[in-house]
Amino acid sequence: MGVSRRTSFTNPLHNQISPIPSYAVAVDQQHCNHNELKIKTLLQKMIWEFGLACFLPSVKDERETEKGSNNSEHNKAWLLAESGGCGADLAGGDPQSVHSSFRFSLCSQVELESMNVANNHSSATVLMVNLDNGFTDSRSGELKWRRIESLERSISPVAHTLIRFSYGEILSATRSFSKGRVLGRGALSCVFRGRVGFLRTSVAIKKLDKEDKECSKAFCRELMIASSLHNPNIVPLVGFCIDPDEGLFLVYKYVSGGSLERYLHEKKRGVKGGPSLPCSVRYKVAVGIAEAIGYLHNGTERCVVHRDIKPSNILLSSKKTPKLCDFGLATWTAAPSVPFLCKTVKGTFGYLAPEYFQHGKVSDKTDVYAFGVVLLELISGRKPIETRRGPGEENLVVWAKPLLDQGAIERLVDPQLKLTPKNSNQVSRMVQAAAACINSEESRRPNIDEIIAIIRGEESDCPKRKKSSTNGCIVDCCPQLQQTRSEMMSHLALAMLGVSEFEDDDHLYCR
């Protein structure tokens, strides 16, 4: 027993539902007898009483219904209501008594036909309601446009300062998102190289995952923050694209030199087996990124915390000028050194400050700690987490802290670096800055302006801090070294699980 498959309920204009539903029953009236009319009336009453009337909008022209059903017959979904949730047999039962217990389920047109219930009046299926795609498509389309309108209002204060690209331009620029154009991938985004405009300007196009429930929020935050930044050591945002069907895109200026991670940790590209980056370039990167972070914390109207400072987010120009990129996790704080708590930890293991990793406490000192790890990478050439190394050496910070306390600087420095009197002094200042940055106590960790002064050799201009000097290396006195090691080992234990990031409010994702 059921509504004929020729019956198709479609969504009326503006999705308005009549207070009392009417039903389009595309059945030849010549074949309808009195009993069939009674059964249909009963079914209509059952649908209304069980709150299913929302699926059944008002009547349309029968000819339109018949035409539409021919084109989308196999695209329909059906709602089945089976009586007696425990599989009771209804053969010979009174059709007016089956409303006492129902089990609802969805099935496709093919599954419906395979069940062979259309002509089987003794089947347990007592109700088949066609859930026409027009209703759900219309509702989802309306919600989609509402989200887009809300997004447009949110970015309106800065949208006029950027170039707005069409989806066609994005598609053409990336050659339909060719695999050969991929520059990098994140948990919820992918970056493509492309060319736009009459002059074929090189750009990096960030495609956000449109399936992510937080996609619009992340897009708005990144666009608002990145569009407000103007610094030679920060990759500028050029424009954006909003397409209701294809998703959200951010267009950044392309930096041709590649990432710092590629130079430090991938196959060495130096001539005749030499180092990938000379000491002078490493020092230049340290100064440039420190100044970029200083601009984020103190050079804008609102303090910006990047939250994901690492070599893969540091790009080098053809002249090896460092540029900080990827503001997908960036956020504002009330003011420098004014922390706030966030409910989820987002970032990359190995770079997370202890107070952020353990308690979700975010401040400008979060970036300072991550920068300290980057400095250690520049000095040693090691990755922050390396499972192939021996016990006690897997975590860069855990391995480096005792060497800093002992003043064993020669054991910290990348053996492929050739030190001269000039660059030895630069490396020494980088080591001093790294030691201050990775202090596990947030209150004892200096702000970025002090770190810049240390790297430049101007620490005498900074406020006096409690220090101890060992072979020219200045480190903070930390009587809680064992506690620090314990915290770092806990950090390492989680990192060894293969989890690299917290990218969603409720789930863990790996890059």
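## Ser259 and its surroundings

Ser259 sits in the loop that runs between strand 9 (247-253) and helix 7 (260-265). The model is a predicted one. Is Ser259 buried or exposed? Its relative accessibility is 16%, so Ser259 counts as buried. The cut-off for buried is under 20%.

Which residues does Ser259 touch, leaving aside neighbours within four places in sequence? They are Pro311, Ser312, Ile314 and Leu315.

## The protein as a whole

The protein has 511 residues, and 49% of them count as buried. It holds 15 helices and 17 strands. About 25,700 Å² of the protein is exposed. Carbon and sulfur atoms supply 52% of that area.

Take the contacts with a separation of 6 or more. Residues 24 or more positions apart account for 67% of them.

## Helix 8

Helix 8 covers residues 279-298, 20 residues in total. From its first C-alpha to its last, helix 8 reaches 28 Å. That is close to the 28 Å expected at 1.5 Å a residue.

Why is helix 8 described as largely enclosed by the rest of the structure? Because 16 of its 20 residues are buried.

## The nonpolar cores

In soluble globular proteins, nonpolar side chains tend to be buried together. In this model, the largest nonpolar core has 71 residues. Phe371, Leu375, Leu378, Leu412, Ile451 and Ile455 touch the most other members. Helix 8 gives the most to this core, with 12 residues. Domain 1 (157-254) and domain 2 (255-460) each supply at least three residues to this core.

Another core lies apart from it, with 22 residues. Among them are Ile148, Leu223, Met224 and Tyr252.

## Helix 11 and Leu412

Helix 11 spans residues 396-406 and is mostly covered. How many of its 11 residues are buried? The count is 9. The buried residues of helix 11 are Leu396, Val397, Val398, Trp399, Ala400, Lys401, Pro402, Leu403 and Leu404.

Asn395 caps the N-terminal end of helix 11. A side-chain oxygen of Asn395 lies 2.9 Å from the backbone nitrogen of Val397. Just after helix 11 comes Gly407, with a positive phi of about 75 degrees.

Leu412, one of the core residues that touch the most other members, also meets helix 11. Leaving aside neighbours within four places in sequence, Leu412 is in contact with Trp399, Ala400, Leu403 and Leu404, among others. Its contacts also include Ile379, Ser380 and Val431.

Terms used. Residues numbered from 1 in each chain as written. Predicted model: local features only at pLDDT ≥ 70, side-chain atom pairs only at ≥ 80, totals over all residues. Heavy atoms only, no water. Helix = DSSP H or I, 4+ residues; strand = E, 2+ residues; numbered from the N terminus. Buried < 20%, exposed > 50% of the residue type's maximum accessible area, 1.4 Å probe, protein only. Contact = heavy atoms within 4.5 Å. Areas by Shrake-Rupley, 256 points an atom, 1.4 Å probe, with all protein chains shown as cover. Polar contact = N/O pair within 3.5 Å; in protein donor to acceptor, adjacent residues only side chain to side chain. Expected span 1.5 Å × (residues − 1). Core = buried A, V, L, I, M, F, W, Y, C linked by side-chain atoms within 4.5 Å. Domains from an automatic or database assignment.
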